[in-house]
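Biologist: I would like a close look at a single part of this structure, taken slowly and with each term explained where it first comes up. Please start from one residue and work outwards.

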Amino acid sequence: TQDESLFYYESGESVDTFFKPDHQPVFIDEIPLSHYTDEQREVCGNDERCLFDTSETGNEEIGLTTLEGRRGVAEAEATQANNPPGFVDVGDEAIRATIYVQTTYSFRVEDPGDNFTVSVERNPPRNPDDFELESNGSDFKLLWTPREPNSVVFTIAANDSSGAVSEIEPLVRLCACALEKNAECVDANTNSSSTGFILEDCLCGEGWDGRLCD
């Protein structure tokens with residue numbers, strides 16, 4: 001009744017305005033696709049919910065809003081279900097390199113059922129590059145020839161076709177001691193591994209001194 005209603009009514013409206021005891025609801029699964037017009041199908045394709053909303057309201061914009069919302073949900077579900085590429089068979093957790101000597105860092109990337117690309121970013125960058133990336137299917141090699149004893153970090157990224165990304169930043173341990181002067185590299189006793197770069201200590205030969213025994 002009007003007294004029991006919780007709704008607000010415009011002037012001239014009441015409960016009786018909207019009371020339709022003979023109304024028979026229409027459910028989406030009871031309507032065949034052939035029920036819809038060519039114009040509605042042109043807007044919605046075969047999306048039943050878009051067709052239903054367009055037909056029942058007579059408003060294409062409402063149908064399109066339904067369609068776009070469903071597409072957004074589908075894309076979000078696909079993104080959530082997608083796993084990024086994975087790094088496997090990483091031979092060594094650190095890149096162990098000697099200055100002026102080419103070093104190889106091997107790794108493998110897998111992403112079953114999806115395509116992916118792999119890229120390497122050097123920080124800081126160097127021109128010309130002192131590294132290159134070789135690939136053979138899912139197997140990759142980072143080839144690096146360091147030319148100065150400066151800090152460097154490599155970020156290796158694998159991106160799949162859905163935009164999911166995995167990254168690794170291997171610790172770099174560089175030996176830059178003057179080996180031609182009988183110096184030897186020894187593992188640096190340092191806690192700075194969080195920086196991603198360690199310049200190894202040097203054991204100098206007789207008659208030589210300095211950080212790099214030069």
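Modeller: C202 has a relative accessibility of 18%, and therefore counts as buried, a word that here stands for under 20% relative accessible area, while exposed stands for over 50% and partly exposed for anything in between (1.4 Å probe, protein chains only). Please keep in mind that this is a predicted model, in which local features need pLDDT of at least 70 and side-chain atom pairs count only at pLDDT 80 or more, whereas totals for chains, interfaces and linings use all residues. Residues are numbered from 1 along each chain as its sequence is written, and side-chain values use heavy atoms, with hydrogens and water left out.

The partner of C202 is C177, to which a disulfide joins it with an S to S distance of 1.9 Å; a disulfide is a pair of cysteine sulfur atoms within 2.5 Å. The torsion about their S-S bond is about -95°, and so this disulfide is left-handed. Because C177 lies in the loop between β9 and β10 while C202 belongs to strand β12 (residues 201-203), the pair ties together parts that are 25 residues apart in sequence. A strand here is a DSSP run of E with at least two residues, numbered from the N terminus. Like C202, C177 is buried, with a relative accessible area of 3%.

The strands on either side of that loop bring in another link, since a disulfide joins C175 to C185, S to S 1.5 Å. This link is right-handed, with 65° about the S-S bond. C175 sits in strand β9 (residues 171-175) and C185 in strand β10 (residues 184-186), so this pair ties together parts that are 10 residues apart in sequence. The two ends differ in their surroundings, because C175, at 8% relative accessibility, counts as buried, whereas C185 is partly exposed, with a relative accessible area of 30%.

Elsewhere in the sequence, C44 and C50 form a disulfide with their sulfur atoms 2.0 Å apart. Its S-S torsion is about -60°, so this disulfide is left-handed, and both C44 and C50 are buried.

To place these links in the whole, a search of the entire structure finds 4 disulfides. If the bonded cysteines of the protein are numbered in sequence order, the pairing reads 1-2, 3-5, 4-6, 7-8.

Note on methods:
Helices (H or I, at least four residues) and strands (E, at least two) are DSSP runs, numbered from the N terminus.
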